[in-house]
Structures are given as C-alpha cells and as structure tokens.
Amino acid sequence: MDHFLPKGGLLHAEEVPLNRLAEEVGTPFYCYSAATITRHARVFRDALAGVADPLLAYAVKANPNLSVIRLLAREGYGADVVSEGEMRRALEAGVPAARIIFSGVGKTAGEMAQALAAGVGQINVESEEELHELSALAAARGATAPVALRVNPDVDARTHAKISTGKSENKFGIPADRIPALWARGTGLPGIRMRGLAVHIGSQIAELGPLEAAFARLGALIADLRAAGHRVESADLGGGLGIPYDPAHPAPVAPDAYGAMVARVTAGWGVRLAFEPGRLIVGNAGVLVTRVVRVKQGATRRFVVLDAGMNDLIRPTLYGVYHDIRAVTPRPGRELATFVGPVCETGDTFAEDRETSPLAAGDLVALMTAGAYGATMASTYNSRPLVPEVLVKGSQWAVVRPRQTYEELLGAERIAPWLEEGE
Ligand code: LLP
C-alpha cells in the first residue's frame, strides 16, 4: 500500500498534489512519501513479531538519501552499507555505529579501516582473503573486528539474473562447504571475533522457497559449527523480498508469510537475527514525476517523449522491468503509446505499447514504484543534471536533494593545463 492516490482527479503524494510540486521544483523529480516509508518499516517489523529482538538494517543502497535514512533511523532501523560512502551516510543520518552492517564483495583496505575506526557492529566477510586482510588491519590498530561470514548457499533465487547473488557461480559469499574450516581459522586470527553467518541470495524475490532453502542451509551450518565447539551469536538473513510493480501480475510473497517462515525455520537457532531489507521499505514509497515533452507519431507507433530519461531511472532498460505509468491528471479514455526519454539510445524506453490515459504535450506522468534503485542509480549521461528529490509528509514537503545545476555539472571538471587557452 502506498500514499500516491488520486484526490479530486489529481494524483497526490499524501496531501500534496504532484502538479504543485512540479510547478515548484520543475520536472523531472523524484517524490518520496514519508508515510509510506514509515508504514513499510512497521509492516516489516510487525511481520517479524515471532523473532526476538531482530536487528533491522535498512539496505542503504536502495535509497541512500540522508532524510530517508534518518526517517528509518528514527524508526529504530540500523543500516546495511556496502561502501565508505554509504557508511558515512548512515553515520551522518544518525544511525548508531553498532547498528551498521558492512557488506560487500570488494571492500578495500581503506574501507575496512574506516569501518573499524567507526566501530561498526558487524562486518560481513565474503572470502578467506578478505578475512586475513581484515585480521591484519584490525590487529595493527589494536581493534577487534566483529565478523560474520557470508555464505554462498548455491540457491537459485529465481529472480532476474543480474540481481541473483546466491548461486555458486556468482561472485558473492563463501561456498558453504568451506565455512567450518574458515570459521575455525578465524577464531585463531588476531583482531577477529567470529560472531555469525550471513546470507543474501538476491533481490526482488517473489517466492519463499529459495529463501527458505538458503536459511535452512545457514541453520545446518550453525549446527555444524556448534557441534565443532564454536560459539555462534548471530545470523544475518539479508534482504531480497520482492514488491509488486505490475498490477497485472500476482503480488510477490507478503512480509507476514516471510516472517512466519523465518520464525519457523530459525526456531531453536539461539542467535540474534539481522535483516537487510531495502526495496520492501522504500520501493513503492517513491515516484518519478516527469512531463510529456511531446507526442510523436512514428512510422509504426505513437511515442510519448518524456523529459525523464534512462539516466534518471535505468531499471526499465537495464533489467527490462515494468514500472506503472500514471497520468497526474487523467483524462477519460485509454490510449496506446511507447514511452521514451530524450536520451540518444533506443534503450531509453520506459514502456512499449503501454495503455494509459490519453496524454498530450505538457501533461505530467508519474513512473510508479521508483523509490528503490531509482535516484541512486541515476547518472548524468547526455550531460543531464541529476534531478531533485522531494520528501512529502502529510501536507509538508521538502527538497531533500536539490536539482544539480549546470555550474555543478561543469564545475566538477578541469581543463588539462596543456589545453588551457594560450598554452
Ligand atoms: N543486502 C545485500 C547484501 C544486498 O546486496 C542487497 C541488494 C540488499 C541487502 C537489499 O536487497 P533488497 O531488499 O532491496 O532486495 N538495482 C537492482 C537491485 C540490486 C540489489 C542489490 N543488492 C534493481 O533495481 O532491481
């Protein structure tokens, strides 16, 4: 459920009409609904009522805007981060270091040192090589790294291949059969405290089966480690829950069913569980509002050319996925069109032969369910400045990232000295 609903024939974000925001901030822009974010944060927490004291670590990569992270920190959420930049954001937004999980397959020595200095609560180690490097870094600083080993359970998440992370051929995690030996080695390494295991098999997962299989694998490993005399304190079950994008498709598994499965599968594990939800919390809490530049009749199809492009929202072309398109001020009737942006690539297409309310130049449309992996995956391709982000709460709204100016876009670059005028 979200708070982008028509009122008086006009699409609103909570109490704010989207056309008013468009007048104030220009188009395109991302608009987030605070009530929707809060609601999903609570829905997920409530779904895990059967789990004692879970650590809910919001996956910052889904939407790293500082206001979004702060809103979630106020809901008691920690943060799952995968870079120094994300760690800085989480700390800046007020997430206590103890509630930060540092994940990622390519942490640099510099990033691991920063994580140790900040005192993050958990570092998810993805290889034997990384464990040794972390040990040396921690020992040199007189620090102790709280480690979870990320397991690659060799489970197919049955999602898009580009966002599937739990198969043995994927770069992520440590093969399950190597975990017991690596854990034993870790307990003898200076600067390392072996705390737990972690797993994350992919994103936009629609069914429980693959998740349950991965968690069962983790449970079996915990039992093996305990049988070998080790102390296992925590298990991080990652993120990955899918959300509805296409109203014509059956909705992915609901958080409640996920929570019940988790409670059943993990009963008796005797560890503190952590979760890293991203998309589920912010996905349908955001829309990309864009204006129709013109409607163009091509040789074989009708194009609605928008002022947002693939550089602003890359998901449709990168993964071939569906985003609902709604007119901000719908007219009676339906019309078929192909929705494209202004970028000079045929891949700059949001939807082919999509039926919507009839649209004309100057109309506003909202690309729905763009709160996760939207603004954060944007680029300035075609030298198009990054678009603003607006957070709405009831009838209040704030620009939480202003539109990038052309001065900022060009000012970030330097002419090589030997190309300076007169040289
Ligand atoms: N934890 C780890 C270790 C992750 O790699 C991810 C996402 C998450 C948690 C959060 O997963 P979520 O709950 O959001 O599914 N750009 C793609 C999604 C990439 C997901 C990457 N990892 C997209 O637009 O669909």
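This note goes through the domains of the protein chain and the surroundings of its ligand in a predicted model.

1. It helps to begin with the overall division of the chain, which falls into domain 1, made up of 4–31 + 283–409, and domain 2, which covers 34–281. Where the two parts touch, domain 1 contributes 21 residues to the contact and domain 2 contributes 22 residues. The centres of domain 1 and domain 2, taken over C-alpha atoms, are separated by 32 Å.

2. Where does the ligand lie with respect to domain 1 and domain 2? Both domains give residues to the shell around the ligand, and therefore the ligand lies between them. The space that the ligand takes is the largest pocket.

3. Turning to the shell itself, one can count 18 residues that surround the ligand, and the closest of these are Ser203, Glu276, Arg315, Tyr319 and Tyr373. By residue class, the shell around the ligand divides evenly in number, with 6 nonpolar, 6 polar and 6 charged residues.

4. Several individual atom pairs deserve a careful look in the structure, and each of them involves an oxygen atom of the ligand. In the case of arginine 315, a polar side-chain atom lies 2.6 Å from a ligand oxygen atom, and for tyrosine 373 a polar side-chain atom is likewise found 2.6 Å from an oxygen atom of the ligand. With arginine 279, by contrast, the partner is a polar backbone atom, which is 2.8 Å from an oxygen atom of the ligand. As for how much of the ligand is covered, the ligand taken alone exposes 590 Å², and the protein buries 91% of that.

Conventions: Residues numbered from 1 in each chain as written. Predicted model: local features only at pLDDT ≥ 70, side-chain atom pairs only at ≥ 80, totals over all residues. Heavy atoms only, no water. Near = heavy atom within 4 Å. Polar contact = N/O pair within 3.5 Å; in protein donor to acceptor, adjacent residues only side chain to side chain. Areas by Shrake-Rupley, 256 points an atom, 1.4 Å probe, with all protein chains shown as cover. 1 Å grid on protein atoms, 1.4 Å probe; cavity = no way out; pocket = protein on both sides within 12 Å on 5 of 7 lines; lining within 4 Å. Sits in = over half its atoms within 2 Å of the grid points. Nonpolar A, V, L, I, M, F, W, Y, C, P; charged D, E, K, R; others polar. Domains from an automatic or database assignment. Contact = heavy atoms within 4.5 Å.
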